[in-house]
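Work through the exercises below with the model open. Each task is followed by its solution.

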Amino acid sequence: MKRIRLLCVGKASKAFCRDGCAEYLKRLRGFYDVSVVEIPEQATNAKECQELVKRMAGRECVLMDIGGEAVSSEGLARLVYDIHSRSDEITFVIGGACGVDGSVRALARRRISFGCVTYPHQIARLLLCEQLYRTATILNGLPYHK
């Protein structure tokens, strides 16, 4: 089974984010082996980025970045399909409240954005979980994506 890993700074501490993520991750597990790795928030952005870099090394990483390429749901599905055609695992990276630095960007194979607005990192995680579930339904021809 192909794997999807979410690498995130901070916990999903807000109930609506935690519960929403849990629901979409539960649905997604019918299609992929899914895991979430949470990096504790650090005193400085540099320390958070050092921790991310350690866990990104040698992996197919996609960074969620406001400056990244805007992708549609169908575009995200193509991206997941393409990466899974050459690798068993994709790691999606979400930085903390202060974002990420160049060391994290340099390790990301792709940088994608869900638009030019800024989301709190917990909401970005919820959006990513929903979009990954939508991706699975698109790739499997299921009616969730209308």
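**Exercise 1.** With which residue does Lys26 form a salt bridge, and how far apart are the closest N and O atoms?

Solution. The model is predicted.
- Lys26 pairs with Glu23, and their closest N and O atoms are 3.5 Å apart.
- The two are three residues apart in helix H1 (residues 15-28), so about one helical turn separates them.
- Lys26 is exposed, at 54% relative accessibility.
- Glu23 is partly exposed, at 30%.

**Exercise 2.** Find the partner of Lys54 and place the pair in its helix.

Solution.
- The salt bridge of Lys54 is with Glu51, at 3.1 Å between the closest N and O atoms.
- Both sit in helix H2 (residues 45-56), three residues apart, which means about one helical turn between them.
- Lys54 has 58% relative accessibility; the cut-off for exposed is over 50%, so Lys54 counts as exposed.

**Exercise 3.** Which parts of the chain does the salt bridge between Asp65 and Arg111 link?

Solution.
- The closest N and O atoms of Asp65 and Arg111 lie 2.7 Å apart.
- Asp65 belongs to strand S3 (residues 61-70) and Arg111 to strand S5 (residues 110-113), so the pair, 46 residues apart, joins distant parts of the chain.
- Asp65 is buried, at 8% relative accessibility.
- Arg111 is partly exposed, at 32%.

**Exercise 4.** Set these pairs against the totals for the structure.

Solution.
- The structure holds 16 salt bridges.
- Shared partners join Arg3, Arg5, Arg59 and Glu89 into one network.
- The chain carries 22 positive and 16 negative side chains, and the centres of the two sets are 1 Å apart.

Conventions
Residues numbered from 1 in each chain as written. Predicted model: local features only at pLDDT ≥ 70, side-chain atom pairs only at ≥ 80, totals over all residues. Heavy atoms only, no water. Lys, Arg positive; Asp, Glu negative; His and termini not counted. Charge placed at Lys NZ, Arg CZ, Asp CG, Glu CD. Salt bridge = Lys/Arg side-chain N within 4 Å of Asp/Glu carboxyl O. Helix = DSSP H or I, 4+ residues; strand = E, 2+ residues; numbered from the N terminus. Buried < 20%, exposed > 50% of the residue type's maximum accessible area, 1.4 Å probe, protein only.
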